[in-house]
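Subject: A structure for you to look through

Hi,

Here is the structure I promised to pass on to you. Please open it beside this email and follow along as you read.

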Amino acid sequence: MIHIVEATIEDLPNITSIARKTWPIAYGEILSEAQLEYMLNSFYSEEALKTNIASGHEFILAKEDDFVLGFASFENNYQKTAKTKIHKIYMLPESQGKGIGKLLVENIKKRAINKGSKSLLLNVNRFNKAIGFYHKMGFKIVQEIDIEIGLGYLMEDYVMEKEI
């Protein structure tokens, strides 16, 4: 049975490991190998994850027994609004398509409602196949943005939102 639990500092290596297994599959056809490695190092180093936590990001894990299948991070009251932003959501490749992403989003939704949020917000690469998943979950594209992340790299994202 799959259950959702809050992550701790001790879980950061698992989060990094899942990102390193997932990103080449999710983004391998979208990003260069150099950009992929740059982004993984920038966003999933232990220091980067600790900085996320210190700035208000909460991490949750999807586990089956003691095995971590995926994770998500989110921030309530994003930019002092009644919105919760999902910053990260990834499942191991062999765990995808089994409803785990939906469980993570539903868990975030419950937590968001408890904190007074009126909607969920996320960014997704404009070429990521996950857009279909987000549409099925009720998210709608509300904006198209380009974010410079250093070394001349750009994140080409849609901002998607779902009222809750």
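Let me begin with a definition: a residue is called buried when its relative accessible area is under 20%, exposed when it is over 50%, and partly exposed in between. Keep in mind as well that this is a predicted model.

Now try the definition on E64, a residue in strand β2. Its relative accessibility is 37%, so E64 counts as partly exposed. Which residues does E64 touch, if we leave aside its neighbours within four places in sequence? They are M1, I2 and L69. You can also look from E64 across to L103: the two are 39 residues apart in sequence, and their C-alpha atoms are 13 Å apart in space.

Next, the sheet. A little background first: strands of a sheet pair through backbone hydrogen bonds, and they can do so in a parallel or an antiparallel way. Here, 7 strands make up an open sheet with mixed pairing, and their order is β1-β2-β3-β4-β5-β7-β6. Strands β1 (2-6) and β6 (140-150) are at the edges; each has a single partner strand, so one side of each has no neighbour in the sheet. On average, neighbouring strands are turned by 30° against each other, direction ignored.

If you would like to trace one pairing by eye, try β4 (residues 83-91) and β5 (residues 119-125), which run parallel and are joined by 4 bridges. For K85, the bridge partner in β5 is L121.

Two helices are worth finding next. Helix α1 (residues 12-27) packs on the sheet, where it touches β2 (58-64), β3 (67-75), β4 and β5. The direction of α1 makes about 85° with that of β3. Helix α2 (residues 33-44) lies across β3, β4, β6 and β7 (153-163), and it runs at about 60° to β7.

Then there are the aromatic rings, which form 10 pairs by the rule used here. One of these pairs is W23 with Y44, an edge-to-face arrangement with 5.6 Å from centre to centre and 75° between the planes. W23 belongs to helix α1 and Y44 to helix α2, so this pair ties together parts that are 21 residues apart in sequence. Are these two residues buried or exposed? Both W23 and Y44 are buried. Another edge-to-face pair is Y134 with F139, at 5.8 Å between centres and 75° between planes. Y134 and F139 are buried too.

W23 and Y44 also belong to a cluster: ring pairs link them with Y27, F43, F71 and Y90. Y44 has one more feature to look for, since the charged end of K88 sits over its ring, 4.8 Å from the centre.

Finally, two residues have a positive phi although neither is a glycine: N77, at about 50°, and L151, at about 55°. Where are they? N77 lies in the loop between β3 and β4, while L151 is in the loop between β6 and β7. You can use our opening definition once more here. N77 has a relative accessible area of 39%, so it is partly exposed. L151 has 66%, so it is exposed.

Have fun exploring, and send me any questions you have!

Best wishes

Key
Residues numbered from 1 in each chain as written. Predicted model: local features only at pLDDT ≥ 70, side-chain atom pairs only at ≥ 80, totals over all residues. Heavy atoms only, no water. Pairing = 2+ DSSP bridges. Axes fitted to C-alpha atoms, helices over the stretch in contact; angles between N-to-C directions. Contact = heavy atoms within 4.5 Å. Buried < 20%, exposed > 50% of the residue type's maximum accessible area, 1.4 Å probe, protein only. Phe/Tyr/Trp six-rings, centres within 6.5 Å; stacked < 30°, edge-to-face > 60°. Lys NZ or Arg CZ within 6 Å of the ring centre and 35° of its normal.
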